[in-house]
Amino acid sequence: FDRSLGSSQFRCKDIVDVKARKRHEGPLPLVMEMEHEVRLASHDTSPFLAQEPYTVAGREPVPRLVVSEVSSFEKDWPAVRAEKNAATVGYMPSAMLVHDVDIDDVEYLRHDDKPFLATIFKPVGQGPFPVVLEVHGGCWCRGSREKSRPTNVALAQRGVIVVAIDFRTCAYPASLADIHYAVRWAKGEAPSWNGVPECIGLLGTSSGAHQAMLLGLRPGDPRYAVLPPPPGPQGAVVDGTVSYVIMLSPVMDPLGRYQYAKGRRTDVKPPADFNAELILSLHDQYWGSEEAMAEGAPARILRRGEKTALPPTLVIHHQYESPHPRPDVDSFVEEFRKAGGQVAVHVLPGTFPGPSRSSYWMNDDVRAPAANKVLRDMA
């Protein structure tokens, strides 16, 4: 298997670890799991790639795996991984690589005496790597940068520097001002992280996805760019423009969802167990008025003909999500494309929230098949 791995772009470090060995009594299940993952990687590729990964890499797909070679694979793994990481520098479809990850907490911003931190998830390798700032969800007023830690680690393992940031909550447009500052700060710091300052994007979940897109559309809005430049020689020359936006289960129309929670809409109704009281309270706390909700709704911004940036965008959501009305997502995608923007949409089967009603499906099991597909698309 180690010789087979040499002709592939796939890394299985996250499978061949102490926990994996404890889960499996013998080598056969381990190989079967690896073979399944390699087949997924070789046949189910990102919509952002123009060619199949193996064609880009100039390599053949992984041959049939041989059970008898597992012991050799485990013994030789560190050397094999180091050699292959070195040989694939600059290979863009890094969704199939598995890197070690260094994690650091740093203060990137301070308001009065309160520090605002960023957790930086850095892949170990030659790089340089693209950078994504992760904007947490929580209906604008709750949540923290720790919320999506499993996803952020898994994405960094695939060759993306992830920077999860604190920002002011329950305050529009103050939260956007902090995120705008974080983008400028990251552009100046990216080289020290082994990152590419010209490839910095935003990743957000739910209300975090809304804020990511709002800033992506309006990098020059003076309300969002109000904070002074970050320190350092690059601080005064960089702006808040981002290279791309990734939205997971986004709130695309704050006013539309507010009306949905109030039962005013005719196109879609919330389920019986929908917590409308909480949703309405969080909307009121953050926005203050329905006029503000309409002003900050991405689809409505595009429909009004406002001149905006149009960063390449990936939208990922389930077939049905009770907190995020589907017509709002579809309307945004239609308006974004009509304006000339490029957007890829990945619709996952099933519903959210599911039976576990966890904070977010992606953090339940980042090695589940759907999560693996999403991580590859994001990377």
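Which strands does helix α6 lie across? Some notes on that and on the rest of the fold follow.

1. Helix α6, residues 149-157, lies across β1, β2, β3 (129-135), β4 (161-165) and β5 (195-205). Its direction makes an angle of about 40° with β2. Bear in mind as you read on that this is a predicted model.

2. For the overall picture, the protein has 14 helices and eight strands. There are 379 residues, and 55% of them count as buried. Looking at contacts between residues at least 6 apart in sequence, 77% join residues at least 24 apart.

3. Now the sheet that α6 sits across. Eight strands form an open sheet with mixed pairing, and the order reads β1-β2-β4-β3-β5-β6-β7-β8. The edges are taken by β1 (101-111) and β8 (343-352); each has a single partner strand, so one side of each is left without a neighbour in the sheet. From one strand to the next, the twist averages 20°.

4. The β1 edge deserves a look of its own. The partner here is β2 (residues 114-123), and the two strands pair in the antiparallel sense over ten bridges. If you want to check the register, L109 stands opposite F116 in β2, while E107 has L117 of β2 as its bridge partner.

5. What about the turn of that hairpin? Two residues lie between β1 and β2, and D112 takes a positive phi near 55°. That is the backbone angle I'd pull up when inspecting this hairpin in the viewer.

6. Over to the helices: how do α7 and α8 pack? Helix α7 covers residues 174-189 and helix α8 covers residues 207-217; their axes are 10 Å apart and the angle is about 65°. The two helices are therefore roughly perpendicular to each other. Angles of 65 to 115 degrees fall in that class. As for handedness, the crossing of α7 and α8 is right-handed.

7. Which residues make that contact? On the α7 side they are S175, L176, I179, H180 and V183, and α8 brings in Q211, L214 and L215. Sorted by class, the contact of α7 with α8 has five nonpolar residues, three polar ones and no charged residues.

8. To pull the strands and helices together: β1 is an edge strand of the open sheet, pairs with β2 in the antiparallel sense, and is one of the strands that α6 lies across. The α7 and α8 pair, for its part, makes a right-handed crossing with no charged residues in the contact.

Terms used: Residues numbered from 1 in each chain as written. Predicted model: local features only at pLDDT ≥ 70, side-chain atom pairs only at ≥ 80, totals over all residues. Heavy atoms only, no water. Axes fitted to C-alpha atoms, helices over the stretch in contact; angles between N-to-C directions. Helix = DSSP H or I, 4+ residues; strand = E, 2+ residues; numbered from the N terminus. Parallel < 35°, antiparallel > 145°, perpendicular 65-115°, else oblique. Left-handed = near helix turned anticlockwise from the far one by under 90°. Contact = heavy atoms within 4.5 Å. Nonpolar A, V, L, I, M, F, W, Y, C, P; charged D, E, K, R; others polar. Pairing = 2+ DSSP bridges. Buried < 20%, exposed > 50% of the residue type's maximum accessible area, 1.4 Å probe, protein only.
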